[in-house]
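Work through the following exercises with the sequence and the model side by side. Each task is followed by a solution that goes step by step.

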Amino acid sequence: MARFIDPRVDWAFKRIFGSEDTKECLITFLNGLFEDELVIKDVTFAKTEKLGLRPDDRGVVFDVYCITNEGKHVIVEMQKKEQEYFADRALYYTARAIVQQGIRGIWDYHLAPVYTVCFMDFVSQSPILKEFRTDLVLTDLQTRQRVSDRMRIVYLQLPLFDKHTEAECMDIFDCWIYIVKNMNMFEQMPFSEKYPVFRKLAEIGDLRKLSREELELYDEDIKNMRDIYATRKFDEKRGMEKGMAKGRAEGELSKGLEVARNLLAIGMSWPQIVQITGLTEEQLKQLQL
């Protein structure tokens with residue numbers, strides 16, 4: 001039986017990374033992710049729902065939205081199910097966080113940087129997302145130099161994280177990803193001696209310490225996650241079966257055409273060939289191409 005919650009589940013993810021009481025988890029994760037670039041000492045959580053500029057504009061709801069002690073905006077998302085345009089969705093979320101900084105009246109267009117971090121519990125089919133980690137920034141095409149620090153998007157495809165043992169994890173970022181992928185299978189929280197934050201994580205993630213209401217919320221999200229997994233597996237199976245059926249049909253057609261080609265070579269008429277092979281005249285026309 002699992003001892004700890006699964007961070008990939010919506011309720012658990014927000015409990016770990018989106019709570020004032022547990023913001024140490026978010027801070028250490030972000031500092032590990034952006035090593036040598038950010039040194040976050042504190043964060044303030046902001047509203048996760050952002051309304052449109054006009055009443056008819058589409059709003060957005062983030063999993064976690066915070067502002068660092070240096071005024072940088074950080075969005076952190078966990079996505080369980082693949083979407084065709086998920087990479088664009090992250091760009092849209094980032095753009096909305098930038099646009100929301102606009103001030104009515106006199107304004108000099110000064111913007112705070114926005115960092116978006118996307119955990120992805122699937123492997124994307126997007127041509128720009130090929131590795132476990134992909135960082136997108138604004139750069140000059142010719143010089144390849146970064147031209148602005150106002151937008152940064154990081155995609156983390158969890159299935160592509162290739163460290164499968166504690167010994168392979170070299171820094172706190174590796175440790176965080178290893179835990180996010182496997183926490184619900186641990187009997188003891190790893191890395192607790194080296195990084196005290198994981199003692200805190202063990203405390204807040206212990207299933208035995210959740211209230212009845214918290215367990216109900218968590219169990220509901222677990223059910224939703226299982227439904228997503230079952231639907232994904234069914235779609236994969238159905239796609240495989242369709243592919244096999246198509247392959248068999250194409251193989252049978254190929255054999256039929258080969259027989260028809262031989263029958264034509266000995267002078268047999270089309271009606272006779274159709275009767276013998278079961279092919280249609282339209283299929284036989286392929287031999288004339």
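**Exercise 1.** About how much area does the protein chain expose, and what share of it do carbon and sulfur atoms supply?

Solution. The model is a predicted one, in which local features need pLDDT of at least 70 and side-chain atom pairs count only at pLDDT 80 or more, while totals for chains, interfaces and linings use all residues. Residues are numbered from 1 along each chain as its sequence is written, and side-chain values use heavy atoms, with hydrogens and water left out. With accessible areas taken from the Shrake-Rupley method with a 1.4 Å probe, the protein chain exposes about 17600 Å², and carbon and sulfur atoms supply 52% of that area.

**Exercise 2.** Find Asp-36 and decide whether it is buried or exposed.

Solution. Begin with the place: Asp-36 is found in the loop between helix H2 (23-33) and strand S1 (43-45), where helices (H or I, at least four residues) and strands (E, at least two) are DSSP runs numbered from the N terminus. Next, apply the cut-offs, by which buried means under 20% relative accessible area, exposed over 50%, and partly exposed in between (1.4 Å probe, protein chains only). Asp-36 has 77% relative accessibility and therefore counts as exposed. Finally, look at the backbone, where Asp-36 has a positive phi of about 70° although it is not a glycine. Most residues other than glycine have a negative phi.

**Exercise 3.** Where is Phe-191 found?

Solution. Phe-191 is found in the loop between helix H4 (172-182) and helix H5 (197-204). Its phi is near 65°, a positive value in a residue other than glycine. Because its relative accessibility is 14%, Phe-191 counts as buried.
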